[in-house]
Amino acid sequence: MTSVIEVKSLTKRYRDTLAVDDVSFAIEQNRIYGLLGRNGAGKTTVMSILTAQNFATSGEVRVFGEQPYENTRVLSRMCFVRESQKYPEDATARHAFGMARLFFPRWDQPLADRLIDDFQLPTKRTIKKLSRGQLSAVGVIIGLASRAEITFFDEPYLGLDAVARQIFYDRLLEDYATHPRTVILSSHLIDEVSNLLERVLVIDRGRIIMDEETDAVRDRAANIVGDSAAVDAFVAGREVIHRESLGRVSSVTVLGALTPADRARLAAAGLDVAPVSLQQLIVRTTQHAAGNGVGESAADAATTEEGALR
Amino acid sequence: MIEDGRPIFLQIAESVEDAIVDGSLAEESQAPSTNELAAFHRINPATAAKGIAMLADKGVLYKRRGVGMFVAPGSRVRLLVERRAAFAESFVDPLLAEAQTLGLEPADLVALINDRAAARAAVSATIEGNPQ
């Protein structure tokens, strides 16, 4: 596999905050990646450095083997769809698509037209008069129709309803199938996107804590539910990442795939096994990391799940 | 359709095997393509391809160059044998465990199974008798 992006020891410091902390990873060609993590974890910072919209404090970034800064050869092959994309005053969606067509060599106008139809986007209205969801649709359409070799979608769906998001996912898969390219999707709606992702990168407080095949992570953790004493006996010696109790019943999330022998033991003990979704796993592990952090209060850890990954 | 907690490529492979076992995907007929599976299940095409590759390794599917994947002859019987072998563990063992919790003896279960089977047969006889 060829890497289209290589990042070595990337660090970004804003005054006294360390936004990205000595991060190294590679992005392989023609795969769909999920870049997941809590708000403020460093996702957008990483993506803007990769697209030359921000500077690294230290470390090395290579895109298509080159430095991206002021490098048109590299930049015209990348498309970055941001959550809060700014467009010129008085521009209409049609103007925005016209500019995109000039900039992206692989722009596909029939695809753009079809997506405009799908999202029922008014193209003659000025962008500042569009609703939040319509504004997101403009970004999504540019991201898909540009057919850039690397496309970043940074929370592209703000204000898009469930139907419009499904259109986005379906069109992304459909177009990716016929025109393979590298896609990096940053999202809080992990359950919605997890099946689309071939690999996941989880970033937590400026560090990469997971860089794996999505399918390989799916049986990484399990919830063991049942009588507290029996649950405790089973999870003894295993890595427990979460625990809840109601009366004499406990639900404990353990890391590590269960072997057939484990399952037989669970059945014999009358314990139930419930699957852990990618979203739950990430919530648990990023919560776990917060709980082990220096100076993190219990209250911070408790708000993690509600506050972040919704 | 796709459940949490198990690799998706395994679930894709099983869904194709299900179709072969129940006869909806006949031997020597063309299996769904990776892209069709990806669009239908709304999953990453590479994951669907991994499921198909697994079935090809297993000899359930074979490739016709330039055309696609086809169901290998003899697959259905081989899958049936495999599934029957797994049946005791996946279905009978949990049944016995739950029966034990409820205080039902294996003999009670046998009687229960015969009763339900007779009731089912009666229902399907009625449906076949009145084709509406």
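The following exchange covers the confidence, folds, domains and chain contacts of a predicted two-chain model.

Biologist: What kind of model is this, and what average pLDDT does chain A have?

Modeller: This is a predicted model, in which local features need pLDDT of at least 70, side-chain atom pairs count only at pLDDT 80 or more, and totals for chains, interfaces and linings use all residues. Residues are numbered from 1 along each chain as its sequence is written, while chains are lettered from A and ligands numbered from 1 in the order in which they are written. The pLDDT is the predictor's confidence in each residue, from 0 to 100. In chain A, 93% of the residues score at least 70, and the average pLDDT is 89.

Biologist: Over which residues of chain A does pLDDT stay under 50, and how many contacts beyond four places in sequence does the model have for them?

Modeller: Two residues are in contact if their C-beta atoms, placed from the backbone, lie within 7 Å. The stretch whose pLDDT stays under 50 is residues 291-310 of chain A. For this stretch, the number of contacts beyond four places in sequence is 22.

Biologist: How many helices and strands are there in chain A?

Modeller: Helices (H or I, at least four residues) and strands (E, at least two) are DSSP runs, numbered from the N terminus. Under that rule, chain A has twelve helices and 13 strands.

Biologist: Which strands stand at the edges of the six-strand open sheet of chain A?

Modeller: Strands count as paired if DSSP finds at least two bridges between them. The sheet of chain A has mixed pairing and the order β5-β6-β7-β3-β8-β9. One side of each edge strand is left without a neighbour in the sheet, because each has a single partner strand; these are β5 (78-81) and β9 (207-213) of chain A.

Biologist: In β8(A), which residue is the bridge partner of A:L36?

Modeller: Strands of a sheet pair through backbone hydrogen bonds, either parallel or antiparallel. Strand β3 (residues 32-36) and strand β8 (residues 199-204) of chain A pair in the parallel sense over four bridges. The bridge partner of A:L36 in β8(A) is A:V202.

Biologist: Which residue in β2(A) stands opposite A:R13?

Modeller: An open sheet of three strands in chain A has antiparallel pairing and the order β2-β1-β4. Within chain A, strand β1 (residues 3-14) is joined to β2(A) by eight bridges, and the two run antiparallel. Opposite A:R13 in β2(A) stands A:L18.

Biologist: Which residue takes a positive phi near 60 degrees in the hairpin of β11(A) and β12(A)?

Modeller: Strands β11 (residues 240-246) and β12 (residues 249-255) of chain A run antiparallel and are joined by six bridges. One bridge pairs A:H242 with A:T253 in β12(A). The hairpin has two residues between the strands, and the residue with the positive phi is A:G247.

Biologist: How far apart do the C-alpha centres of domain 1 and domain 2 of chain A lie?

Modeller: Domain bounds come from an automatic or database domain assignment, which for chain A gives domain 1 (3-216) and domain 2 (218-307). Eleven residues of domain 1 of chain A are in contact with eight residues of domain 2 of chain A. The distance between the C-alpha centres of these two domains of chain A is 33 Å.

Biologist: What radius of gyration does chain A have, and why does it agree with a compact globule?

Modeller: The radius of gyration is taken over C-alpha atoms, and the globule rule is 2.2 Å times the number of residues to the power 0.38. The C-alpha trace of chain A spans about 65 × 40 × 40 Å along its principal axes. Because a compact globule of 310 residues would have a value near 19 Å, there is agreement with the radius of gyration of chain A, 22 Å.

Biologist: What radius of gyration does chain B have?

Modeller: From the N terminus on, the elements of chain B run α-α-α-β-β-α-α. Chain B is divided into domain 1 (8-75) and domain 2 (87-129), whose centres, taken over C-alpha atoms, are separated by 33 Å. A compact globule of 132 residues would have a radius of gyration near 14 Å, but the value for chain B is 19 Å.

Biologist: Which elements of chain B give two or more residues to the side that touches chain A?

Modeller: In the model, 19 residues of chain B are in contact with 19 residues of chain A. The elements of chain B that give two or more residues to this side are α1 (8-21), α2 (34-41), α3 (45-58) and α4 (75-101).
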